[in-house]
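User: I'm new to reading protein models and I'd like a close look at one part of this one. Could you walk me through how some of its helices pack against each other?

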Amino acid sequence: MNNQKCSTLYQKPGGRTRIIQCIYVVGFMDLFGVSMIIPLLSHHVKALGASPTVAGVVGSTYGILQLFSSTIVGSWSDVVGRRYSLLTCLLLSALGYGLLGMSSSIALFVLARIPVGLFKHSLSICRALLSDLVSEAERPLVMGHFNAASSVGFILGPVVGGYLTEHEGGFYTSSFTCAVIFLANAGLVLMLPWSETLIHRKDTNSSNSNNDTSKGCYDSNCRKSVHNGSHANSHRPVSPAETEPGSRAAPRWREVSLLQPAWRQLSSVGSKIHAVASSDMWDLFLVRLLMAIAIMLYYSNFSLAMEERFSLTPKVTGYLISYSSTLGALAGFLVGPVTQLYGNNMAALLLHSTLLTCLLIFLYAAAPSVAQVLVSSTFFAISTSIGRTCITDLELQRGGVQASGTLIGAGQSVTAVGRVLAPLLSGLAQEFSPCGPPSLGVLLALAAVGLLLVRIPKWDGRGRTKKNQNAE
């Protein structure tokens, strides 16, 4: 085993802070634009003459493309860099939404969904970029703020989209507005102070890269330069000043050409995906899948269940959903303080948030009154927001930020599987009772809790399995 002492790298505070703040804006605008369109898609495709079956098939196009492209695009961002991959995703998404604004037939509608389905991964790349920019201690706080900003956009977007739809040609206006928003985001990313930004890495011992690759984990502690958001080994000597506690090194961002040979890009992407796929991260991905399905089952028939169980009107149910969504957005600001309260023990926090989520789904399924539904919805929004941040942080700890794009993309692919399975399971469960979907969600959440109880004792402080750590 070839251990080496790694130096500490970080960013110029001004450049880093500006990029982080701008990424918050990009996240807000991204979901603001998308949420203007989402509620209108089914109405538009039916207005084009699609039957319910065709509308369902067309609607699933986006999810299927996302399922297969999330990991690939995330890994590609590790190879060519965050800046170019983020710009590419934003511009091609803008193209897709622009085509959507011109869709006068089902064929053109499907064509417009293809670039969006393949390249609408801007939020994942933003999260990967944020993980590059901050230390592990800062990451939950920054990710929580980013999720909060994005959620606020998702709440406000439907309001604007609904207003535009009331006017003639409202869908087309909303689509073109969304395209303009993505173009504005691309312009903002292009103007970010990339040249002033340096990357922070923690000072620690690490094993050699061959051992790490064979384990499927990219050790985030080795000395790395971050070039435009992608990582490359830095071979220059480390000065004594850089190895002192609290010292700061100053590598620069390097332009990474998108015109490098395609086979080289594909080879690098394939190796990163293979490394993650062959790593011992199945437990985290399985917990993510179980909880994603459980949460989707909670929401799957919420409006119908409220009407059948408590005779609530759609208007009142809408207020309840908006209340829960608002709390979910605000809960992003609680992630940092709660993480500090747990002493950055993300495994324990994930276990407790998962257990709380399971309990809250049960309380909702068994609620005898609207008041109990309101209470469960209040804490459910908070627990799920914290849980999402925890699972992402543990995945990055386990795999290392050198593969953050691949890891976050793989996580999104796992969630996409949940989006495919949840409606099927919800339909089957509703055959028995309006409370069937959340009841099934309780069972899946319990399975996730049981898995965590078994696996957490086998993890070290970084969420990695102890046997792998000893083998290194």
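Analyst: Here is a walk through a few helices and how they fit together.

A quick word on the ground rules: this is a predicted model, where local features need pLDDT of at least 70 and side-chain atom pairs count only at pLDDT 80 or more, while totals for chains, interfaces and linings use all residues. Residues are numbered from 1 along each chain as its sequence is written, and side-chain values use heavy atoms, with hydrogens and water left out.

The chain has 19 helices and four strands; helices (H or I, at least four residues) and strands (E, at least two) are DSSP runs, numbered from the N terminus. Of its 472 residues, 55% are buried, where buried means under 20% relative accessible area, exposed means over 50%, and partly exposed is in between (1.4 Å probe, protein chains only). Contact here means heavy atoms within 4.5 Å. Among contacts with a separation of 6 or more, 84% join residues 24 or more positions apart.

Let's start with helix α5 (residues 122-133). Its axis comes within 9 Å of the axis of helix α17 (residues 404-430), and the two cross at roughly 140°. Axes are lines fitted to C-alpha atoms, for helices over the stretch in contact, and angles run from 0 to 180 degrees between N-to-C directions. That angle is why α5 and α17 count as oblique: under 35 degrees is roughly parallel, over 145 roughly antiparallel, 65 to 115 roughly perpendicular, and the rest oblique. On the α5 side, the contact uses Ser124, Arg127, Ala128, Ser131 and Asp132, and on the α17 side Ser404, Gly405, Ile408 and Gln412. Sorted by class, that's two nonpolar, five polar and two charged residues. For the classes, Ala, Val, Leu, Ile, Met, Phe, Trp, Tyr, Cys and Pro are nonpolar, Asp, Glu, Lys and Arg are charged, and the others, Gly among them, are polar.

α5 also packs on helix α6 (residues 139-165), with axes 10 Å apart and an angle of about 155°. So this pair is roughly antiparallel. Here α5 brings Leu123, Cys126, Arg127, Leu130 and Ser131, while α6 brings Arg139, Val142, Met143, Phe146, Asn147 and Ser150. This contact has six nonpolar, three polar and two charged residues.

Now back to Ile408 of α17. Thr392, a residue of helix α16 (residues 370-399), touches Ile408 and also Arg288, leaving aside neighbours within four places in sequence. Thr392 counts as buried because its relative accessibility is 15%.

Further along α17 sits Leu425. Its relative accessible area is 29%, so Leu425 is partly exposed. Not counting residues up to four places away in sequence, Leu425 touches Ile293, Leu297 and Leu440. Leu425 and Pro437 are 12 residues apart in sequence, with their C-alpha atoms 7.4 Å apart in space.

Pro437 is one of the buried residues of helix α18, as are Val442, Leu444 and Leu451. Together, the buried residues of α18 pack against α11, α15 (346-365) and α17. α18 (residues 436-455) has 20 residues, so at 1.5 Å a residue it should span 28 Å, and its end C-alpha atoms are 29 Å apart, which agrees. The expected span is 1.5 Å times one less than the number of residues.

Helix α11 (residues 282-300) passes the same kind of check: 19 residues should span 27 Å, and its end C-alpha atoms are 26 Å apart, which agrees. α11 is mostly covered, with 14 of its 19 residues buried.
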